[in-house]
Amino acid sequence: MTELRKPKDLDGTATQLLVCVKCQRGQGVLQDARRPGQALFDAITGLDVPEGISIAPVECLQNCDHGCTVALRGGDNKWTYVFANVDEADHPAMILDGAVRYHATPDGVIPWRERPEHFKHNCVARIPPMTQPLETLND
């Protein structure tokens with residue numbers, strides 16, 4: 001059974017790393033085989049998870065044609081990011097490093113030079129924070 005990894009600080013500033021556990025990476029996977037998305041979740045949660053980061057499985061992020069997918073979100077004042085083409089064997093540490101960098105920002109925007117290389121080229125979506133006024137979204 002997949003379990004939720006809760007953050008060590010529960011003050012509302014935690015960063016959530018969402019991992020699509022149903023991802024098949026565009027391949028047919030046998031009913032009883034472990035899916036690549038589940039393998040990615042297992043690999044990430046097997047690492048030392050820093051304070052302030054929670055890791056949660058999600059059933060589907062609807063990005064099935066673009067490999068394993070993860071999302072980072074962190075409260076009403078941060079941008080949310082969705083990243084694709086994540087490899088369950090090669091990328092768990094990089095994804096967790098990106099989550100730490102995201103968590104350290106006040107708005108969720110990691111400076112370009114500090115982003116993991118994979119984040120620079122595999123961002124599927126960037127969603128504005130809930131607190132951003134609508135009139136500023138077109139600036």
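**Exercise 1. The nonpolar core**

Which residues of the largest nonpolar core touch the most other members? State also which elements give two or more residues to this core.

*Solution.* The structure is a predicted model.

Step 1. The largest nonpolar core holds 30 residues, and those that touch the most other members are L17, V19, I44, I55, V70 and I95.

Step 2. Two or more residues are given to this core by each of β1 (15-20), α1 (36-45), β2 (53-58), β3 (68-73), β4 (80-86) and α2 (92-103). The largest share, five residues, comes from α2.

Step 3. V19 may serve as an example. Leaving out residues up to four places away in sequence, V19 touches G37, L40, F41, I44, I55, A56, P57, V58, T69 and V70.

**Exercise 2. The order of elements along the chain**

State how many helices and strands the protein has, and give the pattern they follow along the sequence.

*Solution.* Step 1. There are three helices and five strands in the protein.

Step 2. Along the sequence, the pattern reads β-α-β-β-β-α-α-β.

Step 3. Of the contacts in the protein with a separation of 6 or more, 70% are between residues 24 or more positions apart. Of the 139 residues, 43% count as buried.

**Exercise 3. The sheet**

Determine the order of the strands in the sheet, and explain why β2 and β5 each have one side without a neighbour in the sheet.

*Solution.* Step 1. The five strands form an open sheet with mixed pairing, in the order β2-β1-β3-β4-β5.

Step 2. The edges are taken by β2 and β5 (123-127); each has a single partner strand, so one side of each has no neighbour in the sheet.

Step 3. With direction ignored, neighbouring strands of the sheet are turned by 20° against each other on average.

Step 4. One pairing can be followed in detail. β1 and β3 pair in the antiparallel sense over four bridges, and Q16 stands opposite R73 in β3.

Step 5. Helix α1 lies across β1, β2, β3 and β4, and it runs at about 145° to β1.

**Exercise 4. Helix α2**

Check whether the length of α2 agrees with its number of residues, and list the residues of α2 that are buried.

*Solution.* Step 1. The helix has 12 residues; at 1.5 Å a residue it should span 16 Å. The C-alpha atoms at its ends are 17 Å apart, which agrees.

Step 2. The buried residues of α2 are P92, M94, I95, L96, G98, A99 and Y102.

Step 3. An α-helix has 3.6 residues a turn, so residues three or four places apart point the same way.

Step 4. The cover over the buried residues of α2 includes β1, α1, β2, β3, β4 and α3 (117-121).

**Exercise 5. The aromatic residues**

Describe the arrangement of the rings of Y81 and F83, then that of Y81 and Y102.

*Solution.* Step 1. The whole structure contains three aromatic pairs. Y81 and F83 form a stacked pair, at 5.9 Å centre to centre with 5° between the planes.

Step 2. The centres of the Y81 and Y102 rings are 6.4 Å apart and their planes stand at 85°, so this pair is edge-to-face. Because Y81 lies in strand β4 and Y102 in helix α2, the pair ties together parts that are 21 residues apart in sequence.

Step 3. Accessibility completes the description. Y81 is buried, with a relative accessible area of 5%, F83 is buried at 4%, and Y102 is buried at 0%.

Step 4. One aromatic cluster is formed by Y81, F83, Y102 and F119.

**Exercise 6. Two buried residues compared by place**

Locate I44 and E88, and name the residues in contact with each.

*Solution.* Step 1. I44 lies in helix α1 and counts as buried, at 0% relative accessibility.

Step 2. Not counting residues up to four places away in sequence, I44 touches L17, V19, V49, I55, P92, I95 and L96. I44 and I55 are 11 residues apart along the chain, and their C-alpha atoms are separated by 8.2 Å.

Step 3. E88 is placed in the loop between β4 and α2. Its relative accessibility is 18%, and since buried means under 20%, E88 counts as buried.

Step 4. With neighbours within four places in sequence left aside, E88 is in contact with R25, P36, A39, L40, A43 and C68.

Definitions and conventions:
Residues are numbered from 1 along each chain as its sequence is written. This is a predicted model: local features need pLDDT of at least 70, side-chain atom pairs count only at pLDDT 80 or more; totals for chains, interfaces and linings use all residues. Side-chain values use heavy atoms; hydrogens and water are left out. A nonpolar core is a set of buried Ala, Val, Leu, Ile, Met, Phe, Trp, Tyr and Cys residues joined through side-chain atoms within 4.5 Å. Buried means under 20% relative accessible area, exposed over 50%, partly exposed in between (1.4 Å probe, protein chains only). Contact means heavy atoms within 4.5 Å. The expected span of a helix is 1.5 Å times one less than its number of residues. Two strands pair if DSSP finds at least two bridges between them. Axes are lines fitted to C-alpha atoms, for helices over the stretch in contact, and angles run from 0 to 180 degrees between N-to-C directions. Rings of Phe, Tyr and Trp (its six-membered ring) pair if their centres lie within 6.5 Å; planes under 30 degrees apart count as stacked, over 60 as edge-to-face and the rest as tilted.
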